[in-house]
Amino acid sequence: MNNDNSIFRPEALHYKNNAWLGDFSVSSPSVLRTALWFALGVLLICILLLFTTYTQRVPVSGRIIYTPSAAEVIFNQDGVISRIEVLRGEMVKKGDIIATLSRDIAYVGGGINQSLLDAAQRQIDELQKREVDRHREIKGERQRLYEKISIKEEEITAIKTAIDFESARSTRLKERMSSYLKFLQKGITTVQDKNERENEYHNSIAQLHRYRISITRVQGERLQLLDELAHSVAREKQAITDMHQQLVTLQQQVINASVGIESYIVAPIDGIVASLNILEGQRINTGTIAAVLVPENAKPYVEMWLPPSALPEVKTGQQVMMRVESLPWERFGKVSGSVADISASPEALTGNNRRFRLLIVPDTNTQVLPAGVEVNADILTAHRRIWAWIFFPINQSIKRIMTEN
C-alpha cells in the first residue's frame with residue numbers, strides 16, 4: 001500500500017512500523033536528585049561547623065642558648081694569625097692555646113710590661129675571691145628565702161586550721177543564738193543573755209573574716225618570696241657570667257703583657273670548639289671573634305619571648321613545635337619541646353617592652369642545635385568549635401551591651 005494515499009495519519013503509520021521497539025514514554029526531569037545533593041552538602045557544612053575545632057595560635061620567636069652558656073674568644077688587639085692550634089669540633093681545656101697572634105711592629109728593647117701584668121694578676125685574684133664570696137652570699141640568701149617560704153606555708157596551714165575551727169564555732173553559736181531567741185519568746189531567758197549570744201556569734205563571724213584576710217595576705221607574701229627566689233637565680237647566673245667575662249678579659253691582659261712580639265689567645269672555659277672563624281695568615285682587628293666554645297655537658301634551651309595576651313594559656317610542661325632556621329622544617333620537620341619555665345614578670349618594668357621570658361627544653365632525640373640560631377614557634381592558646389569562633393564577636397557584643405545596660 002502506498003503510504004502517500006493511505007487514509008491513516010503519517011504519525012500513526014510511523015508508530016505501527018516501530019511498534020516492535022516497545023512502548024515510548026516521555027519523562028519529565030526530577031528535582032529529587034538535586035535536592036538530595038543539596039541536603040547532603042548542607043549536612044556536611046553543619047557537621048564541619050558543629051564538630052570540628054579551630055585552634056588560635058600565637059607566633060613567638062627566640063634563639064637557642066646553652067647552659068652553661070657558650071663563650072666567645074675575642075681578639076683585643078690588631079695583628080696577623082701566625083698559628084692555629086685547634087680544629088673545629090676539638091675538645092679544649094681552660095687555658096689551652098687556640099691561636100698565636102703576631103704583631104705588625106716589633107719594638108727594640110720592649111720587654112714584659114710588668115706593671116700591667118701585676119695589676120691584672122691582682123685583679124684576677126680579687127675577682128676569683130669575689131666570685132667565691134658571691135656564691136656564698138647567694139647560697140645564704142637563697143637558704144633564707146627557702147626558710148621564709150616554709151614559714152609562710154606553715155602560717156597558711158595554721159590559718160586554714162583556725163578558719164575551720166572558727167567556722168564550726170560560728171555555726172554552733174548561730175544555733176545557740178536561735179535557741180536563746182526561742183527561750184526569750186517563751187520567757188525562759190533574759191534579753192541580756194540573748195544579746196550576749198548574738199555578740200558572741202557576730203564576734204566569731206568578724207574573727208572568721210579576719211582569718212580569711214590574713215590567709216590572703218600571707219599567700220601574697222609567699223608569692224612575692226617565690227618571685228624573689230626566681231629573680232635570685234637569674235641574678236646569680238648573670239653575676240657569674242659577668243665575672244667569667246671579666247676574668248677572661250683579665251687573663252687575656254696577663255697573656256698580652258707577658259709577650260713582646262707574639263701573643264696567645266687561650267680558651268676561657270672547658271668545652272668544644274663549635275666554630276673557628278680564623279685562618280693562618282689572616283689579618284684581624286680588635287674585637288674579631290676567633291672561636292665559639294660550647295661546654296661539653298651544656299644543655300640546649302630555646303629562649304623565647306611571650307606576649308602578655310598569651311600568658312594565661314601557656315603552662316609549664318606544655319608541648320611546643322618549633323621551626324629552627326638551621327633545620328628547615330619543610331625537610332627536617334618541626335622540633336618538639338616542652339615549656340620548662342615562664343617568668344613571673346616581664347623582662348623590663350619600664351618602657352614599652354612587656355614580654356615574658358619563656359624557656360623551652362628541646363626533646364633529647366633532636367639533632368644538633370647550634371647556639372644563637374633563631375627559632376620560631378606557634379603557641380596553641382585557645383580551642384573552640386568553628387561555630388563558636390563564628391559567633392564569638394556576636395556573643396561579645398551582646399555581653400558588652402548587657403553590661404552597659
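**Exercises on cores, strands and confidence**

**Exercise 1.** In this predicted model, determine which residues Val-324 is in contact with once its neighbours within four places in sequence are left aside.

*Solution.* Leaving out those sequence neighbours, one finds Val-324 in contact with Ile-64, Val-335, Leu-369, Val-373, Glu-374 and Val-375. As a next step, place Val-324 in its wider setting: together with Ile-64, Met-304, Met-322 and Ile-379, Val-324 is among the residues with the most contacts inside the largest nonpolar core, which has 25 residues. The elements that each give two or more residues to this core are strands 1, 10, 11, 12, 13 and 14, and the largest share, four residues, comes from strand 1. Finally, a second core, separate from this one, holds 17 residues, including Val-73 and Ile-98.

**Exercise 2.** Identify the strands that are joined to strand 9 by four bridges each, and decide whether strand 9 is mostly covered or mostly uncovered.

*Solution.* Begin with strand 2 (residues 71-74), which runs antiparallel to strand 9 and is joined to it by four bridges; here Val-73 stands opposite Ala-291. Continue with strand 7 (residues 271-276), which is likewise antiparallel to strand 9 and joined to it by four bridges, with Ser-275 having Val-292 as its bridge partner. Strand 9 (residues 289-294) is mostly covered, since five of its six residues are buried.

**Exercise 3.** Establish where in the protein chain confidence is lowest and where it is highest among the elements.

*Solution.* The chain averages a pLDDT of 78, and 84% of its residues score at least 70. Helix 6 (residues 386-404) has the lowest mean, 72, whereas strand 4 (residues 91-92) has the highest, 90. Over residues 105-112 the pLDDT is below 50, and where pLDDT is low, the predicted coordinates should not be read in detail.

Notes:
Residues are numbered from 1 along each chain as its sequence is written. This is a predicted model: local features need pLDDT of at least 70, side-chain atom pairs count only at pLDDT 80 or more; totals for chains, interfaces and linings use all residues. Side-chain values use heavy atoms; hydrogens and water are left out. A nonpolar core is a set of buried Ala, Val, Leu, Ile, Met, Phe, Trp, Tyr and Cys residues joined through side-chain atoms within 4.5 Å. Buried means under 20% relative accessible area, exposed over 50%, partly exposed in between (1.4 Å probe, protein chains only). Contact means heavy atoms within 4.5 Å. pLDDT is the predictor's confidence in each residue, from 0 to 100. Two strands pair if DSSP finds at least two bridges between them.
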